[in-house]
Structures are given as C-alpha cells and as structure tokens.
Amino acid sequence: QVQLVESGGGLVQPGGSLRLSCAVSGRAFSGVSMAWYRQAPGKQRELVAQITGISSTTYADSVKGRFTISRDNAKNTVYLQMNSLKPEDTAVYYCYAPLASAWGKGTLVTVSS
C-alpha cells in the first residue's frame, strides 16, 4: 500500500518561499508520475503541478514561473519549490500518486503578512 507524507508547510509572508516535500513509501517510485494539488478554504481541490517518470513537468497557469516540481528517485521524494508566494496561494497542499490513487494527508501553507 502506497503511503505519502507531506512536510514543509507553514506561515510565510507574501513574496516569500517554501519548499514542500512528499516522501513516498510502499511501492516503486522511479518511473511513475506524481502530482501536487491544493485546496483553499471554500474551494475545490485543484492540480498545481505534476511530474512524469522521466521528469516532464506541467503546471497550473496560476503558478507557472513561480513553482517548480522536482523529484529525487534515490530518496523516493517529490518536491514543490514555491517562490514569490501570494496570499491566494494559501491552501492545504496534497501530494498525489495517480497510479495508486493515493493521497497524502496534506500540509498547510499560509501566506500572510
């Protein structure tokens, strides 16, 4: 059974940066796609970024140029580097493994002065 554990969330001022991590266990990690989603209060969960097994990446328009998704297959970990954060980036961020339909429990990111 796949387990995903996110970390790295917190409170940051507008314009600041955070790096989220998602540790994956329970199955082979290299070669499979991974994704980050987020859900803001009162809104639906939305796709933020995804990375394929060969590290091709796609991003939501709202985060292009500010967020970077990456992976370290040796550490079974996927990352989300978030720069130039805005108050509208405030949300719970979830790691997702599409092949296993597995979600992490999420990590809260709050962007506020």
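**Notebook: fold, packing and cavity**

I looked up secondary structure first and found zero helices and 11 strands in the protein. I note that this is a predicted model. Read from the N terminus, the elements run β-β-β-β-β-β-β-β-β-β-β. I then checked the radius of gyration, which is 13 Å. The globule rule gives 13 Å for 113 residues, so the protein is as compact as a globular protein of that length.

Next I took the overall dimensions. Along the principal axes, the C-alpha atoms fill a box of roughly 40 × 25 × 20 Å.

I turned to burial and surface. Of the 113 residues, 41% count as buried. The exposed area of the protein is about 6,000 Å². Carbon and sulfur atoms supply 48% of that area.

I also looked up contacts along the sequence. I took those with a separation of 6 or more, and 52% of them join residues 24 or more positions apart.

Last, I went through the interior. How many cavities of 30 Å³ or more does the whole structure hold? My search turned up one. The largest cavity has about 50 Å³ of space.

Which residues line the largest cavity? I listed two stretches of numbering. The lining includes Val24, Arg27, Ala28, Phe29, Val32, Ser33 and Met34. Ala97, Pro98, Leu99 and Ala100 also line this cavity. I sorted the lining by class and got nine nonpolar, one polar and one charged residues. Arg27 is the charged one and Ser33 the polar one.

Technical notes
Residues numbered from 1 in each chain as written. Predicted model: local features only at pLDDT ≥ 70, side-chain atom pairs only at ≥ 80, totals over all residues. Heavy atoms only, no water. 1 Å grid on protein atoms, 1.4 Å probe; cavity = no way out; pocket = protein on both sides within 12 Å on 5 of 7 lines; lining within 4 Å. Points joined across faces, edges and corners; volume = space filled by probe spheres on them. Helix = DSSP H or I, 4+ residues; strand = E, 2+ residues; numbered from the N terminus. Rg over C-alpha atoms; globule rule 2.2 N^0.38 Å. Buried < 20%, exposed > 50% of the residue type's maximum accessible area, 1.4 Å probe, protein only. Contact = heavy atoms within 4.5 Å. Areas by Shrake-Rupley, 256 points an atom, 1.4 Å probe, with all protein chains shown as cover.
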